Amino acid sequence: MSALENDNEAGHHVLIVDDEPIQLQSLQEMITLYGYNVDTASSGDEAITLLKNRIFDIVLLDLNMPGVSGLDVIDYITANQVPCKVVVVSGEASFETARQALHRGAYDFLKKPYLPDELLNTMKNAAGKKELELANRTYKRRLEESEHLHRFIVEHSPDIVFMLDTEGRFTFLNDTVYQTLGYNKDELVGQHYSVLVSAESKDQAKYVFMERRADERKSRHVELKLKHQEQAEYRYFDTSSMSVRLNRGPQGQDEFKGTYGVARDVTEKKEAQELINYQAYHDLLTGIPNRSLMEDRLSIAINQAKRNKQHIAVMFLDLDRFKWVNDTMGHPTGDRLLQAVSHRLENALRKGDTLARFGGDEFALVLPQVNRRADAATIANKIIHELETPFVIDDHELHVSCSIGIAIYPEAGNTMEALIRSADLAMYAVKDKGKNNFEFFHESMNENSNTRLIIERDLRRALSDDHLMVCYQPQVNATTEMVVGFEALIRWQHPENGVMYPGEFIPVAEETGLINAVGDFVLETACRDLKSWRDSGADNMRVSINFSATQVEQDDFIDRIVDALERHELPGHCLEVEITENILMNDMSQVIRKLRRLTQLGIKIAIDDFGTGYSSLSYLQQFPINTIKIDKSFVSSINVNEGGTSIVNAIVAMAKGLNLNLVAEGVETDPQLDYLKELGCAEIQGWLFGKAEGAEYTGEILKRIMNGGVIRDKILPTMS
């Protein structure tokens, strides 16, 4: 156990509020071990009910909850002056979210994941803060009841209370000066206030310690840096004062007798604010600037270059083999690799250059005062050379290279947006040519970008001109070889390019926002065709439809599916929603809520291309998943190499252990089918049983099956 346990006072009452059962239970067990009395609430409503009926010292609060949110709970506590301290423990860690929580009354903000000692220390401080506040209120009440308690309150105030004479010498200090600054008050009595003040606070200090004004102009809440006797660093104090005028002077005016003041130690608050500001402009994983700070510095560099007629180089750098590291070694190893890479990149830069993490494995560099293209090329070569030496992460020797795109101001653009876009295009040009190199932006690179614009334009026309079509690939029972459903797959009958497959246009649709329209087309078409087949007697058929992350993130995602089913009079169980693993990692709480709503309607949930993404047992247990689909890349390895077969074995065993349905994609041979059947794989999909066909041909297949035919008797079509 942590040493914090010994310092913690038993008996503090804690309320943990989190809508994730596993997180709630884990946190409850840990906190209970350290002597806290713990109650839990799985929603904001339940938390407010408990707060109405019980007294808690600390509330550990998640922000992202359906219904009554964490911020709503904070508002209730503040509005009703509930005597507790709120520590926000949340995965949502943006600057704005932290600012809102603290502004509304939260004591502190911790980001998931956190260190246990960090949480326990924060709880200890919160409990101590609550006790101090309670003591302070008690002292003030006693002061009103008896002047005799005045000295007690002053001496036990958490703030430094002081009196100065007309020359600025201390005449009184409470004991808090020892607790916060390490000085015995007797040492300072008779000393000038300047012995405590840092050089940079001298000017502000005279307005506090020598305050003579008694009206609205008097100094209030001036932040000063005061010296600690035993520490090299200064501490921050919020200081306010007022002049003391007790007697009438010879001219009938109040006579100035000195200064009374209070100094509150705000060092921790100041450091917390600085941390929040730091996190707003720095990447939390690597500690280097983030996109916001990089763009600020680039904007400044452009303005300076305009005035001085200089050049700037903007570089975009992408690690070539990072995805492989993440997929094979895991995200923790990938994170440590990114940290090591950023450290080496910093070594390759000049003083005044800026290295920033743009996201994922992508970095950006701003190089001001670049006199020649050769200067930028020299730095690019140095970066490539820095990455040639293998990285040793967790006893693994990892090799990564990088692709670098370079844009020179003003040739490649005279605005921040233009330079970033040009460097990005140049980087992708390097990747297209084999990676591990650098290239300067030139106008021809816009052609590739224009190609994507053409695809976007033609795709918009295809949606209106009915050039898109939905084909269906059968899914069969592995044992009986009877058709149990179809996967809906989109095709684009391009008037000039012929049949185009999803990989050629879906990425553009996702980037441009057209994916929602394309998805609506697939959903509507599949429901219409399924209705037709069911009316013809195939009433036990289901259709699986793929949905992208962009579609799932839409607020009306559920409504669109429900509307389509209702318009075509289809029950929920005849539809299966296919999503990829990465979608589950985007906004876990929202995705869980939406998927649970679908399962309540009878709709099945399938994970497509399983094994190629996050692949975690954790999410398989948390999400309402019915089916996992083995990616065809693993199926194709059956009987080819032991590695591929081992992965298939592991996935099948995992599915059985979690009681999930299993569909193997890309089955093309009987040996593959036999192997999968022996493992216990429930359903099969692949060319062995048919390619994707249009709705009319699929309807004919269903009629023949209903008349006693089998799926493998059909002749494969020429177009898939």
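This is a short dialogue on reading features in a predicted model.

Student: Where do we start with aromatic rings?

Tutor: With the general idea. A pair of aromatic rings is described by the distance of the centres and the angle of the planes.

Student: How many aromatic pairs does a search of the whole structure find?

Tutor: The search gives 7 aromatic pairs. Take one of them, Tyr 472 with Trp 533. Their centres are 4.8 Å apart, and the planes make an angle of 80°. That pair is edge-to-face, because planes over 60 degrees apart count as edge-to-face.

Student: Which parts of the chain does this pair link?

Tutor: Distant ones. Tyr 472 belongs to strand β18, residues 468-477. Trp 533 belongs to helix α19, residues 515-535. The two residues are 61 apart along the chain.

Student: Are Tyr 472 and Trp 533 buried or exposed?

Tutor: Tyr 472 is buried, and Trp 533 is buried too. Tyr 472 and Trp 533 also belong to one aromatic cluster with Phe 486.

Student: What kind of aromatic pair do Phe 547 and Phe 557 form?

Tutor: An edge-to-face pair. The centres lie 5.4 Å apart, with 80° between the planes. Phe 547 sits in the loop between β21 (542-546) and α20 (549-553). Phe 557 is in helix α21, residues 557-567. They are 10 residues apart.

Student: Why does Phe 547 count as buried?

Tutor: Compare its value with the cut-off. Buried means under 20% relative accessible area. Phe 547 has 6% relative accessibility, so Phe 547 counts as buried. Phe 557 has a relative accessible area of 3%, so Phe 557 is buried as well.

Student: Rings can also meet charges. Where does the charged end of Lys 270 sit?

Tutor: Over the ring of Tyr 236, 5.2 Å from the ring centre. Arg 373 gives another case: its charged end sits over the ring of Phe 440, 4.1 Å from the centre.

Student: Now sheets. What is the strand order in the open sheet of 5 strands?

Tutor: Read across the sheet, not along the chain. The order is β12-β13-β11-β16-β17, and the pairing is mixed.

Student: Which strands stand at the edges?

Tutor: β12 (354-359) and β17 (437-440). Each has a single partner strand, so one side of each has no neighbour in the sheet. From one strand to the next, the twist averages 20°.

Student: How many bridges join β12 to β13?

Tutor: There are 5, and the two strands run antiparallel. Strand β13 covers residues 362-367. Look at one partnership: Leu 355 has Leu 365 in β13 as its bridge partner.

Student: How many residues of strand β6 are buried?

Tutor: Count them: 4 of the 5 residues, 160-164, are buried, so β6 is largely enclosed by the rest of the structure. Strand β7, residues 170-173, is joined to β6 by 3 bridges, and the two run antiparallel. Phe 162 stands opposite Leu 173 in β7.

Student: What do β6 and β7 form?

Tutor: A hairpin, with 5 residues between the strands. In the turn, Gly 168 has a positive phi of about 90°.

Student: Next, single residues. Where is Lys 130 found?

Tutor: In helix α6, residues 116-145. Its relative accessible area is 12%, so Lys 130 is buried.

Student: Which side chain does Lys 130 join in a polar contact of 2.9 Å?

Tutor: That of Asp 57. The side chain of Lys 130 also reaches the backbone oxygen of Pro 83, at 2.9 Å. Residues touched by Lys 130 further off in sequence than four places include Phe 56, Cys 84 and Lys 85.

Student: Where does His 568 lie?

Tutor: In the loop between α21 and β22 (575-580). His 568 is buried, with a relative accessible area of 12%. A polar contact of 2.8 Å joins its side chain to that of Glu 524. Beyond four places in sequence, contacts of His 568 include Cys 527, Arg 528 and Lys 531.

Student: Is Met 706 buried, exposed or partly exposed?

Tutor: Partly exposed, with a relative accessible area of 38%. Met 706 is in helix α28, residues 695-706. Now compare sequence with space. Met 706 and Ser 536 are 170 residues apart in sequence, but 9.8 Å apart from C-alpha to C-alpha. Leaving out residues up to four places away, Met 706 touches Ser 536, Gly 537 and Ala 538.

Definitions and conventions:
Residues numbered from 1 in each chain as written. Predicted model: local features only at pLDDT ≥ 70, side-chain atom pairs only at ≥ 80, totals over all residues. Heavy atoms only, no water. Phe/Tyr/Trp six-rings, centres within 6.5 Å; stacked < 30°, edge-to-face > 60°. Buried < 20%, exposed > 50% of the residue type's maximum accessible area, 1.4 Å probe, protein only. Lys NZ or Arg CZ within 6 Å of the ring centre and 35° of its normal. Pairing = 2+ DSSP bridges. Axes fitted to C-alpha atoms, helices over the stretch in contact; angles between N-to-C directions. Polar contact = N/O pair within 3.5 Å; in protein donor to acceptor, adjacent residues only side chain to side chain. Contact = heavy atoms within 4.5 Å.
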